[in-house]
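Reader: Please choose one part of this chain and go through it closely, with the numbers. I would like to know how it sits in the rest of the fold.

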Amino acid sequence: MKKIDKKEEPAFYSKCIKQRKPTQWDDIAPIRADLRAHIWEEQKRCCAYTEVLLNLNKDNFHIDHYKTQNLYPQLTFDYSNLLVSCNSEKYGAKHKDKLIKGRKEYENLINPVEESPSEYMEFTFTGHVEAVNSCRKGKETIRLFNLNEKSLVERRKTALSCFNMEGFTEEDLVQFVGEFETMIRQLYHSMQ
């Protein structure tokens, strides 16, 4: 998970909200594909929670309401609450949404728009993510997004194999792998 720097909401989205005055998510269906693409670009084409590379031409991701619509209906159209996430049921937003039952659970969950996840979590060379100093917020975020799911760990471990290549700078590694930027940067610096 990485810090997401949300930009100002796009003009086409603001215009749609102002003109349509939507009351439910489906009311913005005509612009949802454009919104999805805009947020995807803003997040550097990766899932907000897992940092898995997403393909715009495939149906492998969706717009996630970080704070779910059923618990926070007033945030349904709040641009800062909208992130893109992979479509896996095993990890990411869909996993979080299955487990969260009440508002209180968000108190111990990292919001990547408002906080820097690296203050609470760190990566290991085994592909796992761990809570910094066993902090509760890090542990709960890892659990609710299932960030140590087996296939996700294996994918990160495979990405780390490029660390054996000589002459690669930090930027080279980030570009070469194309995903898991936070992990690559953190582990690269740990080796210096």
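Author: Accessible areas are obtained here by the Shrake-Rupley method with a 1.4 Å probe. On that basis the protein chain has an accessible surface of about 10200 Å², and carbon and sulfur atoms hold 48% of this surface. The model is a predicted one.

The part chosen is helix α2, which covers residues 29–42. First, the setting. The protein chain contains 7 helices and 4 strands, and their order along the sequence is α-α-β-β-α-β-β-α-α-α-α. The C-alpha trace spans about 55 × 35 × 25 Å along the principal axes. The radius of gyration is 17 Å, which agrees with the compact-globule rule, because that rule puts a chain of 192 residues near 16 Å. Of these 192 residues, 49% are buried. Contacts that reach across the sequence are also present: among those between residues at least 6 apart, 61% join residues at least 24 apart. As for charge, 30 positive and 30 negative side chains are present, and the centres of the two sets are 5 Å apart.

Now the helix. With 14 residues at 1.5 Å a residue, α2 should span 20 Å, and its end C-alpha atoms are 20 Å apart, so the expected and computed spans agree. Its buried residues are I31, L35, R36, I39, W40 and E42. This list includes the charged residues R36 and E42 beside I31, L35, I39 and W40. The packing partners of these buried residues are α1 (11–20), β1 (61–65) and β2 (82–86).

Ahead of α2, the loop that joins α1 to α2 holds K21. K21 has a positive phi, near 45°, although it is not glycine. Most residues other than glycine have a negative phi. K21 counts as exposed because its relative accessibility is 61%, and the cut-off for exposed is over 50%.

The other end of the helix also has a positive phi beside it: K44 follows α2, with phi near 60°. A parallel case is found further along the chain, where α4 is followed by N146, with a positive phi near 50°. N146 belongs to the loop between α4 (136–145) and α5 (150–160). Its relative accessible area is 23%, so N146 is partly exposed. The helix before N146 has K137, G138, T141, I142, L144 and F145 as its buried residues. What covers them includes α3 (93–99), β3 (121–123) and β4 (129–131).

Back at the end of α2, two residues from other stretches help to place this region. One is I4, which sits in the segment before α1. Its relative accessible area is 3%, so I4 is buried, the cut-off being under 20%. Leaving aside residues up to four places away in sequence, I4 touches Q43, A48, L83, P112 and V113. Within that list, L83 is 79 residues from I4 along the chain, and the two C-alpha atoms are separated by 8.8 Å.

The other is L53, located in the loop between α2 and β1. Its relative accessibility is 38%, so L53 counts as partly exposed. Apart from residues up to four places away in sequence, the residues touched by L53 are R45, C46, N60, R155, G178 and E179. The loop residue also lies 9.5 Å from V177, C-alpha to C-alpha, with their positions 124 residues apart along the chain.

V177 and E179 lead on to helix α7 (residues 181–191), where I184 is placed. The contacts of I184 are with F163, L173, V174, V177 and E179, again without residues up to four places away in sequence. E179 is thus touched by L53 and by I184. I184 has a relative accessible area of 0%, so it is buried. As a measure of distance across the model, the C-alpha atoms of I184 and E9 are separated by 29 Å, with their positions 175 residues apart along the chain.

To sum up, α2 has the span expected of 14 residues and packs its buried residues against α1, β1 and β2. K44, with its positive phi, follows the helix, and L53 lies in the loop that leads on to β1.

Definitions and conventions
Residues numbered from 1 in each chain as written. Predicted model: local features only at pLDDT ≥ 70, side-chain atom pairs only at ≥ 80, totals over all residues. Heavy atoms only, no water. Helix = DSSP H or I, 4+ residues; strand = E, 2+ residues; numbered from the N terminus. Rg over C-alpha atoms; globule rule 2.2 N^0.38 Å. Buried < 20%, exposed > 50% of the residue type's maximum accessible area, 1.4 Å probe, protein only. Contact = heavy atoms within 4.5 Å. Lys, Arg positive; Asp, Glu negative; His and termini not counted. Charge placed at Lys NZ, Arg CZ, Asp CG, Glu CD. Expected span 1.5 Å × (residues − 1).
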